[in-house]
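Welcome! Please open the structure in your viewer and keep the selection tool at hand, and we will walk through it stop by stop.

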Amino acid sequence: MSTPDVLISGGQPQSPPPNDDIISIEEFAGHNSADILRVSGEESLENIELHLPRAKTVVVTFPAFTDGRGFSLGRLLRKRAGFEGQLIAEGPLIPDQYAFALQCGFNAIKLEPALFERHTEGSWFEALDQFDLTYQRGYAVPSGPATSVLDARPTGFRTTENAKDPYRGLSAESALKKAIEAYEGQIVLASSLGADSAVLLHMVSKIEPNLPIIFLDTGKHFRETLAYRDMLIDDLGLTNFQNIRPDPAEVKAQDPKGDLNQSAPDACCDLRKVRPLDRVIRQYDARITGRKRYQTPQRADMPILELGGDQVKINPLAYWSAKDVTAYMRRHDLTPHPMLALGYLSIGCQPCTTRVSEGEDPRAGRWRHSDKTECGIHFIDGKWQPLPVNKTYEVF
Ligand code: SF4
């Protein structure tokens, strides 16, 4: 007799519903007494909604732990379809993903016995207990980096004064509010949906939820990033979020196989990031950034209000440390990017982002094995230019 699957609920192992009682969406309509529906993470919400009046439980399958579509579907079932029954994630998820699954509306995770042997009861319970911005060891990283955003980023910064900063002394929220009022209709936030992005998005949602927010949807992001984007838009009530995409004709002409990132990453970033952003962001007089003084020596003197050039930059978090970011996330119960828990401390496009080992710079995982450190998005003297400075922590 084969070993049964395990259901992790409340951090504890339980017995899942018998497999025979879980009916696929194709067969559900023909089983009048069935009330447990199994759907794949890529199933459309419309198809599932037809069956929800009868389904007491929906089991969403994840083919791989890196496939984030099931998270998005879980959220849609809760938020859009208003499903109130039991929602189970089935597949090779790991404890680091447990909290995110719960935040997406899942009640439980159904595991094969081999996976439960690998990640036993304690690790699931601990994942609930210790969920944080901190990276936790998982089988996905055999070398076992046990690092965190806090460990990896220096938290000190030079306290150099900048007499030219009219916003000096204002809190991040006050500076942001003042800038949004001063540049009304002409100010934009460019968000990377990265590790720290929820902070500014949350502040904006409290001040002006209809502020234009642009996100470069390169077509190469982690599915988790897209699920995280959808979650934050919903949760924060952002009403003017814009996905900026590369021109399809340019993509067809210059990257027909979708592998330009391997042969010419600069050209790929130019095609998928620099040009699309350039087309949009020039329309605004002012841009809000998440840059901070501590991040690089070049930013040690960075003011909150950065005048000069063709576009004003507002850096509300200029004086913040990494700990301030974490404290804000905790205070406002903001969900961290799900890839943080998997060891990705700087999160960009999937093909060009790897995990970071203990003690490494958080940006070390970007374009690893190449000299490239930047995507080329820097607005200098009125022009977008590649910047010959390593690790500038620019938003994308
Ligand atoms: S980060 Fe990589 S995949 Fe993304 S646009 Fe640049 S080269 Fe292309």
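This tour starts with the whole chain and then moves through its sheets, the ligand site and a few single residues.

**Stop 1: the whole chain**

Before selecting anything, please note that this is a predicted model. Show the chain as a cartoon: its secondary structure comes to 14 helices and 15 strands. The chain has 396 residues, of which 44% count as buried. Among contacts between residues at least 6 apart in sequence, 68% join residues at least 24 apart.

Now colour by pLDDT. The mean for the chain is 81, and 79% of the residues reach 70 or more. Where does pLDDT stay under 50? One such stretch is residues 132-162, for which the model has 73 contacts beyond four places in sequence. Another is residues 379-396, with 43 contacts beyond four places in sequence.

**Stop 2: the seven-stranded sheet**

Select the strands β1 to β7. They form an open sheet in the order β2-β1-β7-β6-β5-β4-β3, with mixed pairing. At the edges stand β2 (12-14) and β3 (22-24); each has a single partner strand, so one side of each is left without a neighbour in the sheet. On average, neighbouring strands of this sheet are turned by 30 degrees against each other, direction ignored.

Next, pick β1 (residues 6-9) together with β7 (residues 108-111). This pair is antiparallel and is joined over four bridges. Show Val 6 as sticks, and you will find it opposite Leu 111 in β7. Then add helix α3 (residues 69-79), which packs on the sheet and touches β5 (57-61) and β6 (86-90). The direction of α3 makes about 160 degrees with that of β5.

**Stop 3: strand β4 and Arg 38**

Stay in the sheet and select β4 (residues 36-40). This strand is mostly covered, with four of its five residues buried. Which strands pair with β4 in the parallel sense? One is β3, over three bridges, and another is β5, over five bridges. For a look at single pairs, find Ile 22, whose bridge partner in β4 is Ile 36. Likewise, Leu 37 has Val 58 as its bridge partner in β5.

Now click on Arg 38, which is also found in strand β4. Is Arg 38 buried or exposed? Arg 38 counts as buried because it has 23 C-beta neighbours inside 10 Å, and the cut-off for buried is 20 or more. Leaving aside residues up to four places away in sequence, Arg 38 touches Ile 22, Ile 23, Ser 24, Val 59 and Thr 61. Try a distance label from Arg 38 to Val 59: they lie 21 residues apart along the chain, yet their C-alpha atoms are separated by 4.6 Å.

**Stop 4: the six-stranded sheet**

Select the strands β8 to β13. Here the order is β10-β9-β8-β11-β13-β12, again an open sheet with mixed pairing. The edges are β10 (241-244) and β12 (305-306); each has a single partner strand, so one side of each is left without a neighbour in the sheet. Helix α8 (residues 172-182) packs on this sheet, touching β8 (187-190), β11 (286-288) and β13 (312-314). Compare directions and you will see that α8 makes about 155 degrees with β11.

Then narrow the selection to β9 (residues 213-216) and β10. They run parallel and are joined by four bridges. Leu 216 stands opposite Ile 244 in β10.

**Stop 5: the ligand**

Select the ligand and the residues around it. The ligand is surrounded by 13 residues, and the closest are Asn 261, Cys 268, Cys 269, Cys 349 and Cys 352. Which helix gives the largest share of this shell? Helix α13 (residues 265-281) does, with five residues. Coloured by type, the shell divides into seven nonpolar, three polar and three charged residues.

**Stop 6: two loop residues**

Finish with Leu 193, in the loop between β8 and α9 (197-207). Its phi is near 55 degrees, a positive value in a residue other than glycine. Leu 193 is buried, with 23 other C-beta atoms within 10 Å.

Asp 333 lies in the loop between α14 (322-331) and β14 (379-380). Asp 333 is not a glycine, and its phi is positive, about 55 degrees. With 9 C-beta neighbours inside 10 Å, Asp 333 counts as exposed.

How values were computed:
Residues are numbered from 1 along each chain as its sequence is written. This is a predicted model: local features need pLDDT of at least 70, side-chain atom pairs count only at pLDDT 80 or more; totals for chains, interfaces and linings use all residues. A residue is buried if 20 or more other C-beta atoms lie within 10 Å of its own, exposed if 12 or fewer, and partly exposed in between; C-beta atoms are placed from the backbone. Two residues are in contact if their C-beta atoms, placed from the backbone, lie within 7 Å. Two strands pair if DSSP finds at least two bridges between them. Axes are lines fitted to C-alpha atoms, for helices over the stretch in contact, and angles run from 0 to 180 degrees between N-to-C directions. A residue is near a molecule or strand if its C-beta atom, placed from the backbone, lies within 6 Å of it. Ala, Val, Leu, Ile, Met, Phe, Trp, Tyr, Cys and Pro count as nonpolar, Asp, Glu, Lys and Arg as charged, and the others, Gly among them, as polar. pLDDT is the predictor's confidence in each residue, from 0 to 100.
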